[in-house]
Amino acid sequence: MARRRYAVVGTGSRAQRHVHAIAVEHADTCELVALCDVNRTRMNVHNERLAEPVPTYDAADFLGMLDEQRVDVVVVTTVDRHHDAYIVAALDAGRDVVTEKPMTTDVPSARKILDAVHRNDGNVTVTFNYRYNPIHEKVRALLADGAVGEIGSVHFEWLLDTRHGADYFRRWHRDKANSGGLMVHKATHHFDLLNWWVGSVPETVYAHGRLFFYGEENGKRHGYTHDKRFDIDLEQDDWLKKLYVDARHEDGYRRDQNPFEPGVSIEDDMSVLVRYASGANLTYHLTAYSPWEGYRLMVNGSKGRLELEVVENSWVSGQDLSVDAGREQGWAKLSVQRLFEQRVDVPVEYDRAGHGGADRRMVDALYGPTGQEDPLGRKATHRDGVLSLLTGFAAGRSVETGRPVRVAELLDLP
Ligand SMILES: NC(=O)c1ccc[n+]([C@@H]2O[C@H](COP(=O)([O-])OP(=O)(O)OC[C@H]3O[C@@H](n4cnc5c(N)ncnc54)[C@H](O)[C@@H]3O)[C@@H](O)[C@H]2O)c1
């Protein structure tokens, strides 16, 4: 069977996971035929790693690239704000799309994508890698098998530590116009998991959110403005140095801003209440300045309760300034307690590599042979992409207006 021809647009650090999967791990089913970006140096850095370099295209030549290189599938790994333009253009040119999360950043661009899918009968896959984490699969399987009965309510808390969390305030994400804010950029993962686990769709959302820790004023208030423990040193990693420091002369993109410098327009502390169509209630909290990183999930049902605690990083020393500073310690605990029974621990293995082992499993499913079984329904489409975003969009609207927001007010998804 002929190999599918892939082009990757947006050649930053995340692109590497897709480039490697297409050009190396799944070279029997896939062929990488082009790279596209606004920054030539970054494209060349990816090419240096390939056994056979591929043609590179400036972003302005995207459509020409599709024809010249007979591209079957476009992989979108650009800055979030530009996802919609590439998704729509690729669909209108009759190509399939694989896009990184968040599928897009606001309601008008989500509508544009839905319209393009419908008019072209298009095919969009959103790379929700968190679904492929074996622990998350186990939760999905337990809940779908009725381990807690009908779901009444869910409590979900996600903590980003002061190393990883600060990263969103150092880069383009700090400007809401680029990322939609963490309720969109980051929580799209979490709201997707929740939609998938609960097996329902969000109906009504109420939220509070604020910038409490990062940003210029908070830095002064809490005494962190010039605190070295928030610095990163890109030069410690040859790959990141080439990708960002050596590419800076072209576009001025700084990967290592001080999170307490002016210009932050996103929140770092968010509380969200969601009512699902099934009747289930959710309380959700995202904190981006925690001493440890991980999450806690609690699901209450008619037959019992499920609890999950995952510690991805138990503390930040503030001494190691490399971007991927050694993850200190992590573990996971999953349990189910049926009503009138003792708690039962469910064995899970905690894998530190690539988002809990999820990345490798996802690219195998995505770029491996077609027709692989997917009994848990992990593969996510444009519809899942929009549904996960709608909670974040509605939460943003609720923060602005101070009132609960019905998701159908924003976008009526058939
Ligand atoms: N699923 C995950 O776990 C995960 C992890 C990291 C990043 N991501 C996603 O991957 C995407 C890229 O993130 P990243 O960390 O690699 O960012 P990055 O800043 O390293 O890379 C973004 C790239 O997009 C390019 N770009 C900017 N404007 C462009 C335009 N108009 N046209 C074409 N290219 C343009 C930049 O030059 C850069 O090379 C984001 O959408 C992010 O949300 C997902």
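## The second largest cavity

Sort the lining of the second largest cavity by class and you get five nonpolar, two polar and two charged residues. The elements that give two or more residues to that lining are strand E6 (124–126) and H14. This is a predicted model, so keep that in mind throughout.

Which residues line the second largest cavity? They are Thr 125, Val 126, Thr 127, Tyr 132, Met 362, Leu 366, Arg 378, Lys 379 and Ala 380. The space inside the second largest cavity comes to about 30 Å³.

## The largest cavity

The count of cavities of 30 Å³ or more is two, and the largest cavity has a volume of about 70 Å³. Around the largest cavity you'll find Thr 162, Arg 163, Arg 170, Arg 229, Asp 231, Ile 232, Val 316, Gly 318, Gln 319, Asp 320, Leu 321 and Ser 322. By class, that makes three nonpolar, four polar and five charged residues in the lining of the largest cavity.

## The second largest pocket

Now for an open space. The second largest pocket has a volume of about 540 Å³ and 28 lining residues. If you want to find its centre on screen, look for Ala 365, Leu 366, Gly 368, Thr 370 and Lys 379, which lie nearest to it. Two of these names may ring a bell: Leu 366 and Lys 379 also line the second largest cavity.

Which element supplies the largest share of the lining of the second largest pocket? That's H14, with four residues. Strand E1 (4–9), strand E5 (96–99) and helix H14 (358–367) each put at least two residues into the lining. As for chemistry, the lining of the second largest pocket splits into twelve nonpolar, seven polar and nine charged residues.

## Two domains and their interface

The chain is divided into domain 1 (4–126) and domain 2, the latter pieced together from 130–217 + 263–352 + 381–410. Taken over C-alpha atoms, the centres of domain 1 and domain 2 are 27 Å apart. Where the two domains meet, 17 residues of domain 1 are in contact with 17 residues of domain 2.

How much area do domain 1 and domain 2 bury between them? The figure is about 1500 Å², with 66% of it on carbon and sulfur atoms. On the domain 1 side, Lys 101, Thr 105 and Val 107 lose the most area to domain 2, and together they account for 29% of what that side buries. Don't go hunting for salt bridges across the interface of domain 1 and domain 2, though: the rule finds zero there.

## Salt bridges and the loop after E5

Side chains of opposite charge can pair when their charged atoms come close. Across the whole structure, the search turns up 34 salt bridges. One of them joins Arg 14 to Glu 100, with the closest N and O atoms 2.8 Å apart. Arg 14 sits in the loop between E1 and helix H1 (15–25) and Glu 100 in the loop between E5 and helix H5 (107–120), so this pair ties together parts that are 86 residues apart in sequence.

The loop between E5 and H5 also holds Pro 102. The peptide bond from Lys 101 to Pro 102 is cis, with omega near -15 degrees. Lys 101 also came up at the domain interface, among the residues of domain 1 that lose the most area to domain 2.

## A backbone oddity at Arg 70

Arg 70 is not a glycine, yet it has a positive phi of about 45 degrees. You'll find Arg 70 in the loop between helix H3 (62–68) and strand E4 (73–76).

Notes. Residues are numbered from 1 along each chain as its sequence is written. This is a predicted model: local features need pLDDT of at least 70, side-chain atom pairs count only at pLDDT 80 or more; totals for chains, interfaces and linings use all residues. Side-chain values use heavy atoms; hydrogens and water are left out. On a 1 Å grid over the protein atoms alone, a cavity is a set of points where a 1.4 Å probe fits but cannot get out, and a pocket is an open set with protein on both sides within 12 Å along at least five of seven lines; lining residues have an atom within 4 Å of a point. Grid points are joined across faces, edges and corners, and a volume is the space filled by probe spheres set on the points. Ala, Val, Leu, Ile, Met, Phe, Trp, Tyr, Cys and Pro count as nonpolar, Asp, Glu, Lys and Arg as charged, and the others, Gly among them, as polar. Domain bounds come from an automatic or database domain assignment. Contact means heavy atoms within 4.5 Å. Buried area is the accessible area (1.4 Å probe) that two parts lose on being put together, summed over both. A salt bridge is a side-chain nitrogen of Lys or Arg within 4 Å of a carboxyl oxygen of Asp or Glu.
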